[in-house]
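Please open the model in your viewer and keep the sequence panel beside it. This tour goes from one selection to the next and says what is there at each stop.

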Amino acid sequence: MGERRGAAVRAAAIVLGAGACYCLWRLAAGGRQGQRNRAGAARNPPSDSSPPAPTHIMDVDALQKLIRLLQATDDPLIQEKALISLSNSAAFSVNQVYITEVCRNVESAPLNSDLQLAGLRLLTNMSVTSDYHHKMINSIPCFLHLLSEGSERTQIQVLKVLVNLSANPAMTRYLLRAQVPSLLLLFDNCINRDILLRALVFAANLKKNVNNEDGTMIQDEYSEDSIFFTLCRDTAPFAQKLASLLHHPDAEVKEQVVRILTQ
């Protein structure tokens with residue numbers, strides 16, 4: 001056992017070392033590029049749906065070694081570092097056949113742990129396009145549990161995933177069926193701005209998709225504690241929350257509230 005773990009650690013050091021060097025280079029290059037672009041950059045709602053920039057962090061062989069390492073070790077520190085490296089190269093298709101395993105890691109990791117956050121960051125990068133959303137369907141209850149029980153840092157990260165999923169009309173039914181008794185608590189003036197704004201984008205995406213269904217939504221398939229009832233059926237409490245948020249000092253928050261109210 002000790003020899004196996006030692007071999008895993010050595011393999012991690014070799015593969016992750018290359019990734020770390022690249023990340024440092026990316027940070028330096030990004031800083032220079034950011035200085036050139038910052039003056040003209042426009043502020044956009046945090047939809048988290050823009051595809052990641054092309055990356056050459058590792059070749060396919062190195063990525064496959066990382067995946068085998070994740071399958072072979074139970075060491076949280078090694079798993080965390082491997083997930084971070086994979087996250088930086090999420091555009092590679094070899095990663096996207098690994099989504100279900102990452103979802104399992106997120107579910108089994110300690111709540112609010114760095115390992116759980118690393119997995120969520122990887123899923124965020126992998127969900128910027130809709131091609132692999134179906135692989136995350138079974139993890140929707142887990143994501144919403146983290147949204148209810150997680151720390152602010154975890155809530156922000158899981159909302160990035162949920163915003164990406166909610167932008168895909170094919171995921172609407174799966175999200176609306178889910179149960180989040182505490183969902184309304186997120187739509188409050190005292191909530192962390194990053195959480196509130198992403199929760200509003202999530203709700204706005206779902207409302208838009210429901211309205212585009214042309215009446216084909218079958219209301220009987222949703223329970224009374226589902227997201228569907230909160231946002232689309234028993235709407236009075238949600239409407240009261242939105243009315244209060246119209247007085248929020250942040251312009252982007254008010255913009256998303258208006259987007260929901262005018263759909």
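Is lysine 241 buried, partly exposed or exposed? Select lysine 241 in this predicted model: its relative accessible area is 22%, and because buried means under 20% and exposed over 50%, lysine 241 counts as partly exposed.

Keep lysine 241 on screen and add aspartate 188, since these two form a salt bridge in which the closest N and O atoms are 3.3 Å apart. The pair links distant parts of the chain, as aspartate 188 lies in the loop between α9 and α10 while lysine 241 belongs to helix α12, 53 residues apart. Aspartate 188, at 24% relative accessibility, is also partly exposed.

Now step back and show the whole chain as a cartoon. You will find 13 helices and 0 strands, and of the 263 residues in the chain, 45% are buried. Among the contacts with a separation of 6 or more, 75% are between residues 24 or more positions apart. The chain exposes about 13,400 Å², of which carbon and sulfur atoms supply 53%.

The structure holds 6 salt bridges, and the next selection takes in several residues that they join. Select Arg193, Asp194, Asp250 and Glu252, which are linked in a network of salt bridges. Within this network, arginine 193 forms a salt bridge with aspartate 194, where the closest N and O atoms are 3.3 Å apart. Glutamate 252 forms a salt bridge with arginine 193 as well, with the closest N and O atoms 2.4 Å apart. This second pair links distant parts of the chain, with glutamate 252 in helix α13 and arginine 193 in helix α10, 59 residues apart. Try colouring these residues by accessibility: glutamate 252 is buried, with a relative accessible area of 10%, whereas arginine 193 at 25% is partly exposed, and aspartate 194 at 32% is partly exposed too.

Next, select residues 152-166, which make up helix α8. This helix of 15 residues reaches 20 Å from its first C-alpha to its last, close to the 21 Å expected at 1.5 Å a residue. Because 12 of its 15 residues are buried, α8 is largely enclosed by the rest of the structure. The buried residues include Ile156, Val158, Leu159, Val161 and Leu162, and also Gln155, Gln157 and Asn164. To see what surrounds them, show α6 (114-126), α7 (140-149), α9 (172-177) and α10 (193-211), against which the buried residues of α8 pack.

From here, turn to the interior. In soluble globular proteins, nonpolar side chains tend to be buried together. The largest nonpolar core in this model has 64 residues, and those with the most contacts inside it are Leu123, Met136, Phe143, Leu200 and Ile227. The largest share of this core, 11 residues, comes from α10. Which residues is leucine 200 in contact with, leaving aside its neighbours within four places in sequence? Select leucine 200 and look for Phe187, Leu242, Leu245, Val253, Gln256, Val257 and Ile260.

For the last stop, return to the surface and select Leu246, Val258 and Leu261, which form a nonpolar patch with about 230 Å² of accessible area together. Leucine 246 is found in the loop between α12 (236-245) and α13 (251-261), and at 35% relative accessibility it counts as partly exposed.

Terms used: Residues numbered from 1 in each chain as written. Predicted model: local features only at pLDDT ≥ 70, side-chain atom pairs only at ≥ 80, totals over all residues. Heavy atoms only, no water. Helix = DSSP H or I, 4+ residues; strand = E, 2+ residues; numbered from the N terminus. Expected span 1.5 Å × (residues − 1). Buried < 20%, exposed > 50% of the residue type's maximum accessible area, 1.4 Å probe, protein only. Contact = heavy atoms within 4.5 Å. Patch = residues over 30% accessible without salt bridge, like charges linked within 9 Å, V, L, I, M, F, W, Y side chains within 5 Å. Areas by Shrake-Rupley, 256 points an atom, 1.4 Å probe, with all protein chains shown as cover. Salt bridge = Lys/Arg side-chain N within 4 Å of Asp/Glu carboxyl O. Core = buried A, V, L, I, M, F, W, Y, C linked by side-chain atoms within 4.5 Å.
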